[in-house]
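Please open the structure in your viewer and keep the sequence panel beside it, because selecting residues by number is how this tour moves from stop to stop.

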Amino acid sequence: MIRDTTIWMSLPVATLLIDAEDRIADLNPAAEGFFNSSAKALFGSPIWDKLAVDAPLEDALARARANSSPLFVNDVDIGTGERAPMQCNLQIAPLLGHTGVMVLMISPRELAGRISQSQGVKSAAKSAIGMAEMLAHEIKNPLAGITGAAQLLSMNLAPQDLELTDLIVEESRRIVKLLEQVEQFGNLRPPMLGAVNMHDVLDRARRSALLGFGAEMKINETYDPSLPLAHADGDQLLQVVLNLLKNASEAAPRGGGTIWLRTYFEHSFRLRRAGAAGRALPLQIEVIDDGPGLPPDLANDVFDPFVSGRENGTGLGLALVSKIISDHDGWIAVESTPGRTVFRLSLPVAPQSALVSKDDD
């Protein structure tokens with residue numbers, strides 16, 4: 001017979017036991033991951049101090065306890081203080097044989113919805129990128145001719161007319177730069193996966209940002225020094241973090257803002273893609289900024305090619321970030337409210353074989 005503790009530890013959703021005084025009496029590893037806190041730190045805490053629910057649940061829980069009946073709450077926003085609210089389903093039921101004790105199960109809907117959406121986006125992105133690459137190749141050749149012709153004309157023009165040919169040359173060069181960004185999708189090599197220290201990558205990105213585009217920003221670090229090495233391509237991961245830092249810096253008000261780089265381990269994060277076995281992605285990187293947030297009408301589409309919330313933005317940066325993380329078999333998500341935008345990267349731990357190879361090097 002399988003022991004109850006084995007079942008309890010194996011439950012894939014965050015599950016807690018709430019005592020008669022609405023305090024946390026026990027929780028499983030998935031709940032530790034959801035709260036990003038240890039069971040020891042949460043034991044005995046009032047549940048409503050640790051869980052922010054966008055619905056009046058205290059009275060409903062009391063009625064369910066008094067009537068020894070289950071309670072189901074769907075599509076409610078839940079936060080923990082450590083992360084922005086996410087849409088979840090709640091299931092509450094009395095624990096048989098234990099008067100007043102209730103079982104609370106929290107099932108985030110956000111991940112499943114985004115995985116489904118991501119598959120469609122990925123397919124659409126491949127088609128869009130393929131067409132864009134073809135157009136980029138075809139457009140660059142005549143642009144070079146236009147630029148050369150404008151420069152030749154400028155040699156015989158009066159000074160007052162040079163402004164027009166300068167405009168032609170300047171705009172042609174701007175279009176070429178945009179086309180080169182489009183071509184980067186097709187030229188990006190497959191990741192050379194190995195054992196990578198995420199904190200080394202983050203430190204390199206932070207120093208580069210502060211010396212350049214993020215000179216007016218304040219960048220804080222909250223790292224978990226005990227994290228194992230990630231299975232990633234260090235150069236491509238650096239490109240991802242630099243892109244996210246650049247976006248955060250450009251979104252900041254004049255005079256700069258604050259960015260937080262945060263790492264932690266989430267035991268329960270596991271991603272199952274169509275046609276593949278589920279893979280653990282416990283290593284988490286968060287890039288958090290205090291800017292105005294994403295436009296609500298673009299929040300669900302920011303990883304699509306050519307979608308941008310900035311004037312003169314190309315909409316290619318986040319699409320490239322999404323492609324790189326997808327090639328790593330990782331996951332990227334965003335949560336945004338005015339004053340707090342969080343881009344979260346989830347990556348796998350380096351396998352033992354990668355660690356051995358790194359030691360040999």
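Begin by selecting aspartate 54, which is exposed, since its relative accessible area of 59% is over the 50% cut-off. Bear in mind from this first stop onwards that you are looking at a predicted model. Aspartate 54 sits in the loop that runs between β3 (52–53) and α5 (58–67). If you leave out residues up to four places away in sequence, you will find that aspartate 54 touches Val76 and Asp77. Now add glutamine 87 to the selection: although aspartate 54 and glutamine 87 are 33 residues apart along the chain, their C-alpha atoms are separated by 9.6 Å.

**The six-stranded sheet**

From the loop after β3, widen the view to the sheet that β3 belongs to, an open sheet of six strands with antiparallel pairing, in the order β2-β1-β6-β5-β4-β3. The edges are taken by β2 (24–27) and β3, and because each has a single partner strand, one side of each is left without a neighbour in the sheet. Next select β5 (residues 86–94) together with β6, two strands that run antiparallel and are joined by seven bridges. Within this pair, look for leucine 90, which stands opposite isoleucine 106 in β6. As background for what you see here, strands of a sheet pair through backbone hydrogen bonds, either parallel or antiparallel.

**Loops to compare**

Move on to serine 68, in the loop between α5 and β4 (71–79). Its backbone deserves a careful look, as serine 68 has a positive phi of about 50° although it is not a glycine. Is serine 68 buried or exposed? With a relative accessibility of 52%, serine 68 counts as exposed.

Then select aspartate 22, which you will find in the loop between β1 (14–18) and β2. Aspartate 22 also calls for a look at the backbone, for it has a positive phi of about 60° although it is not a glycine. Aspartate 22 is buried, because its relative accessible area of 17% falls under the 20% cut-off.

Keep aspartate 22 on display and select serine 45, whose place is in the loop between α3 (39–42) and α4 (47–50). Which residues are in contact with serine 45, once its neighbours within four places in sequence are left aside? They are Asp22, Arg23, Ile24 and Lys50, so the aspartate of the previous stop appears here again. Serine 45 is itself buried, with a relative accessible area of 11%.

**A cavity**

Now turn to the empty space inside the model. Rolling a probe the size of a water molecule over the atoms shows where empty space is left. A search of the whole structure finds two cavities of 30 Å³ or more, and the second largest cavity holds about 40 Å³ of space. To see what surrounds the second largest cavity, select its lining: Ile18, Ile47, Trp48, Leu61, Ile92, Met102 and Leu104. Two elements, α4 and β6 (102–108), each give two or more residues to this lining. By type, the lining of the second largest cavity divides into seven nonpolar residues, no polar ones and no charged ones.

**The five-stranded sheet**

For the last part of the tour, select another open sheet, this one of five strands with mixed pairing, in the order β8-β10-β13-β15-β14. Its edge strands are β8 (218–222) and β14 (331–337), each of which pairs on one side only. From one strand to the next, the twist averages 15°. Helix α10 (residues 317–327) packs on the sheet, where it touches β14 and β15 (340–347), and the direction of α10 makes about 140° with that of β14.

Finish at β10, which is mostly covered, with six of its eight residues buried. Towards β8, strand β10 runs parallel, and five bridges join the two; here asparagine 220 stands opposite tryptophan 260 in β10. Towards β13 (residues 283–289), strand β10 (residues 258–265) runs antiparallel, and seven bridges join this pair. Select tyrosine 264 and you will find its bridge partner in β13, glutamine 284, then select phenylalanine 265, which stands opposite leucine 283 in β13.

Notes: Residues numbered from 1 in each chain as written. Predicted model: local features only at pLDDT ≥ 70, side-chain atom pairs only at ≥ 80, totals over all residues. Heavy atoms only, no water. Helix = DSSP H or I, 4+ residues; strand = E, 2+ residues; numbered from the N terminus. Buried < 20%, exposed > 50% of the residue type's maximum accessible area, 1.4 Å probe, protein only. Contact = heavy atoms within 4.5 Å. 1 Å grid on protein atoms, 1.4 Å probe; cavity = no way out; pocket = protein on both sides within 12 Å on 5 of 7 lines; lining within 4 Å. Points joined across faces, edges and corners; volume = space filled by probe spheres on them. Nonpolar A, V, L, I, M, F, W, Y, C, P; charged D, E, K, R; others polar. Pairing = 2+ DSSP bridges. Axes fitted to C-alpha atoms, helices over the stretch in contact; angles between N-to-C directions.
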